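Grab a pencil and open the viewer. Below are a few exercises, each with a solution worked out step by step.

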Amino acid sequence: MEKSLGASFLIFCLHLGWVSCQQKVEQSPPTQSVQEGENTTFSCHYSDSASKGLQWFKKHHEKGLISLFYIASEGKQKGRLRSTINRKELLSSLYITDSQPEDSGTYLCAVEPQ
Ligand SMILES: *[C@@H]1O[C@H](CO)[C@@H](O)[C@H](O)[C@H]1NC(C)=O
């Protein structure tokens with residue numbers, strides 16, 4: 001079974017709610033299709049080396065944005081989801097192992113300003 005894990009990037013900062021800011025964030029790939037059981041990786045490049053941390057969200061069609069991870073310096077794992085951050089390369093990755101149909105959706109990353 002093939003499903004689409006859409007990843008779109010929002011440019012916003014977690015600061016007093018959803019305030020857009022100058023931070024440049026790029027997520028790749030924009031969309032991808034994976035087979036059930038496969039592993040998937042999303043990457044998020046940001047531009048502000050002084051930022052405090054980064055948050056990964058999943059957009060849920062009923063519940064809205066669900067926070068998956070907040071990472072500041074080290075990777076985190078939650079079930080089949082794992083997230084890492086490389087502060088030198090200004091890169092965060094979200095890994096999904098053994099993809100399941102319920103993983104379908106849109107994943108967002110947000111950078112918290114300094
Ligand atoms: C997915 O990642 C897990 C953990 O790293 C690994 O054990 C597994 O072999 C990978 N599966 C595929 C299909 O590559």
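Helices (H or I, at least four residues) and strands (E, at least two) are DSSP runs, numbered from the N terminus. This is a predicted model, in which local features need pLDDT of at least 70 and side-chain atom pairs count only at pLDDT 80 or more, while totals for chains, interfaces and linings use all residues. Residues are numbered from 1 along each chain as its sequence is written, and side-chain values use heavy atoms, with hydrogens and water left out.

**Exercise 1. Work out how many helices and strands the protein chain has.**

Step 1: Count the runs. The protein chain has zero helices and twelve strands.

Step 2: Write them in sequence order, and you get β-β-β-β-β-β-β-β-β-β-β-β.

Step 3: Check burial (buried is under 20% relative accessible area, exposed over 50%, partly exposed in between, with a 1.4 Å probe and protein chains only). Of the 114 residues in the protein chain, 41% are buried.

Step 4: Look at contacts (heavy atoms within 4.5 Å). Among those with a separation of 6 or more, 58% are between residues 24 or more positions apart.

**Exercise 2. Find the largest nonpolar core and say which elements give it two or more residues.**

Step 1: Set the rule. A nonpolar core is a set of buried Ala, Val, Leu, Ile, Met, Phe, Trp, Tyr and Cys residues joined through side-chain atoms within 4.5 Å.

Step 2: Apply it. The largest core has 16 residues, and those with the most contacts inside it are Phe42, Tyr46, Leu54, Trp56, Leu68, Leu94 and Tyr107.

Step 3: Map the core onto the strands. Two or more residues come from each of strand 6 (40-46), strand 7 (53-60), strand 8 (64-71), strand 10 (81-86), strand 11 (91-96) and strand 12 (105-112).

Step 4: Zoom in on one member. Not counting residues up to four places away in sequence, Leu94 touches Thr40, Thr41, Phe42, Trp56, Leu68, Phe69, Arg82, Ser83 and Tyr107.

**Exercise 3. Locate the disulfide and say which parts of the chain the pair links.**

Step 1: Search for cysteine sulfur atoms within 2.5 Å of each other, the cut-off for a disulfide. The whole structure yields one.

Step 2: Name the partners. Cys44 and Cys109 form the bond, with their sulfur atoms 1.9 Å apart.

Step 3: Place them. Cys44 is in strand 6 and Cys109 in strand 12, so this pair, 65 residues apart, links distant parts of the chain.

Step 4: Check accessibility. Cys44 is buried at 0% relative accessible area, and Cys109 is buried at 0% too.

**Exercise 4. Track down the salt bridges and work out what they tie together.**

Step 1: Recall the idea: side chains of opposite charge can pair when their charged atoms come close. The cut-off is a side-chain nitrogen of Lys or Arg within 4 Å of a carboxyl oxygen of Asp or Glu.

Step 2: Search the whole structure, and two turn up.

Step 3: Take Glu102 with Arg80, where the closest N and O atoms are 3.9 Å apart. Glu102 lies in the loop between strand 11 and strand 12 and Arg80 in the loop between strand 9 (76-78) and strand 10, so the pair ties together parts 22 residues apart in sequence.

Step 4: Take Asp103 with Arg80, where the closest N and O atoms are 2.9 Å apart. These two also sit in the loop between strand 11 and strand 12 and the loop between strand 9 and strand 10, so parts 23 residues apart in sequence get tied together.

Step 5: Put it together. Arg80, Glu102 and Asp103 are linked in a network of salt bridges. Glu102 is exposed at 53% relative accessibility, Arg80 is partly exposed at 26%, and Asp103 is buried at 5%.

**Exercise 5. Examine Leu90 and Asp98: what is the phi of each, and where does each lie?**

Step 1: Start from the background: most residues other than glycine have a negative phi.

Step 2: Check Leu90. Its phi is near 55°, a positive value in a residue other than glycine. Leu90 lies in the loop between strand 10 and strand 11 and is buried, at 17% relative accessible area.

Step 3: Check Asp98. Although not a glycine, Asp98 has a positive phi of about 50°. Asp98 is in the loop between strand 11 and strand 12 and is partly exposed at 35% relative accessibility.
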